[in-house]
Amino acid sequence: MSSFENFFEYHMKTKHSYFSVRSFPNRLDWNNQPSAFKSYPDNFEKIELDLEKEEHKFIFYIAGVSAKKTYPGVEYFLRVNPSAGALYPNEIYFQSRNNKEFEDGIYHFDIASSSITLLKKIENEGIEKHLGFEKMQDGFLFLISSIYYRSSWKYKNRALRYCLLDAGHILGTIEASSYLFDKEYEILYNFDKKALNSLFNFDEKEFFTVAISLSKETEKNIEDISLSLPTVDGSYFFEKNEMIEKAYEDSIVVDNCVKQNIKPIFNYQKKFLEEIIIKRRSIRDFTKQAISENELNIILDVLYQKICSNCDEDVDIYYVVNRVKGLELGLYKDKKLLKTGDLSSKAGYLCLEQDLGKSSAVTFFLTSKEKNYQALYQKAGLLGHRLYLASNYLGYGCSGIGAYYDDEVCEFIGEYTQVLYALAIGN
């Protein structure tokens, strides 16, 4: 059996159905709740982010803490990037070379303290070869990892899906921050993840899923790098999940990649977008008001912008129009009407009977028949983040919905495919 077939088996086993959500409800062990933050020991140098400095702000807008929520006996922090269940299973590392406000080195974003931790200073060595570069790169090279128990604590076997979607949202925050600060990016899915997991001294609790380059190649040769890092437990409680670890291994290699070099074009007013990035929240309910057809077209144009990547996977965008002025009710794909009628109740039912999918102006379903699972799932997360920002920019709310009745969505859209993500937008 091929690795894809093995991984497809994981996807099949983690589908939701009307029967499964009633027969296997999640029961949380609050005594074994993982931490949402990872910090390296105090003997590593930490540099507090100074939001008066442009490059510091660029880093902060990728995953910084934007608000704190306090309830009786509970306190949690919201970040620039959304996360399923506010569990935040991803960590961010980066290499900086010849950036004016950072010393050349390998860093970890310590989100809890709004600082970056210098893991190693660099000169002629770096992580470039692990990412497929033969020459030294000036600029930033990012690595995004997943600490899967943060998500599997609540979502059990399905958690790898959420880890990848959340990583995709971080790709979306990097894209948005790059737009603000006039940087160009390329997403890298095809690289030696196992070697980097070993280089950073990860154990089975943490693994890399994606990299992103905001760099320019130089003529200088690059030397291999060695790191002497401790294995830091970023969850502090852990329950091993063999299905998730095997699924990661089965999907780690990408095949038959298609490179996408076309850069996205956005027309946001930067100062206002900066405010949106900080204020972004996941909406919890809609007021059943309509948006305009022109506004939906603006949002769709943002979604359909190209993504610069070394392994671009096709993701199909279906959407149910519930309340759009001037547009016929029904199911659409690529602005083409597939089914007519008021399908809002059906959309809500498919989203595990959540009212979000029913009372929205538009409910989206992102799907794919591609085989490079890590790449396509993270692309879906990036598209989801574009949807958040574009909707919020126009004054509307958005909510990501990672739980849905997989096979029934396929039946509804008329395609036997992999359902990756559902999202709803509206007032």
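1. In the classification used here, Ala, Val, Leu, Ile, Met, Phe, Trp, Tyr, Cys and Pro count as nonpolar, Asp, Glu, Lys and Arg as charged, and the others, Gly among them, as polar. On that basis, the lining of the second largest cavity has 7 nonpolar, 3 polar and 2 charged residues. The structure discussed in this note is a predicted model.

2. The second largest cavity holds about 50 Å³ of space. Its lining consists of A63, R79, N81, P82, S83, Y88, P89, N90, I92, I111, D166 and I170. Strand β4 (90-97) and helix α5 are the elements that give two or more residues to this lining. The charged residues of the lining are R79 and D166.

3. The model has 5 cavities of 30 Å³ or more. In the largest of them there is about 80 Å³ of space, and the residues around that space are G172, E175, A176, Y179, F266, Y268, L273, V302, H385, R386 and L389. Two elements, α5 (159-180) and α12 (373-393), give two or more residues each to the lining of the largest cavity. Of the elements, α5 gives the most, with 4 residues. By class, the lining of the largest cavity comprises 7 nonpolar, 2 polar and 2 charged residues.

4. Turning to the open sites, the largest pocket encloses about 1200 Å³ of space. Its lining is made up of 43 residues, and those nearest the centre are A84, G85, K154, Y155 and Y162. At least two lining residues come from each of α2 (18-23), β2 (65-71), β3 (74-79), α4 (149-155), α5 and β16 (397-401). Helix α5 has the largest share of this lining, at 4 residues. The classes are represented by 20 nonpolar, 13 polar and 10 charged residues.

5. The second largest pocket has a volume of about 530 Å³. Of its 19 lining residues, Q33, Y76, G85, A86 and L87 lie nearest the centre. Strand β3 and helix α4 each contribute at least two residues to the lining, and the largest share, 5 residues, belongs to β3. The lining of this pocket divides into 12 nonpolar, 3 polar and 4 charged residues. G85 is named among the residues nearest the centre of the largest pocket and also among those nearest the centre of the second largest pocket.

6. Which residues of helix α13 are buried? In this helix, which spans residues 406-413, they are D406, V409, C410, F412 and I413. Viewed along the axis of α13, these buried residues fall within an arc of 160°, so they line one face of the helix. In general, an α-helix has 3.6 residues a turn, so residues three or four places apart point the same way. After α13 comes G414, which has a positive phi, near 80°.

7. The structure contains 22 salt bridges. In one of these, E206 pairs with K38, and the closest N and O atoms are 2.7 Å apart. E206 belongs to strand β9 (residues 206-221) and K38 to the loop between α2 and β1 (45-48), so the pair ties together parts that are 168 residues apart in sequence. Are the partners buried or exposed? E206 is buried, with a relative accessible area of 4%, and K38 is likewise buried, at 2% relative accessibility.

8. A salt bridge also joins the side chains of E184 and K263, at 3.9 Å from N to O. Because E184 lies in the loop between α5 and β8 (186-188) and K263 in the loop between α7 (242-250) and α8 (270-279), the pair ties together parts that are 79 residues apart in sequence. E184 counts as exposed, at 56% relative accessibility, whereas K263 counts as partly exposed, at 42%.

9. The side chains of D203 and K205 form a further salt bridge, with an N to O distance of 3.0 Å. Here D203 is partly exposed, with 27% relative accessibility, while K205 is buried, with a relative accessible area of 16%.

10. Lastly, R158, R161 and D406 are linked in a network of salt bridges. D406 is also one of the buried residues of α13.

Definitions and conventions
Residues are numbered from 1 along each chain as its sequence is written. This is a predicted model: local features need pLDDT of at least 70, side-chain atom pairs count only at pLDDT 80 or more; totals for chains, interfaces and linings use all residues. Side-chain values use heavy atoms; hydrogens and water are left out. On a 1 Å grid over the protein atoms alone, a cavity is a set of points where a 1.4 Å probe fits but cannot get out, and a pocket is an open set with protein on both sides within 12 Å along at least five of seven lines; lining residues have an atom within 4 Å of a point. Grid points are joined across faces, edges and corners, and a volume is the space filled by probe spheres set on the points. Buried means under 20% relative accessible area, exposed over 50%, partly exposed in between (1.4 Å probe, protein chains only). The arc is that of the directions from the helix axis to the C-beta atoms. A salt bridge is a side-chain nitrogen of Lys or Arg within 4 Å of a carboxyl oxygen of Asp or Glu.
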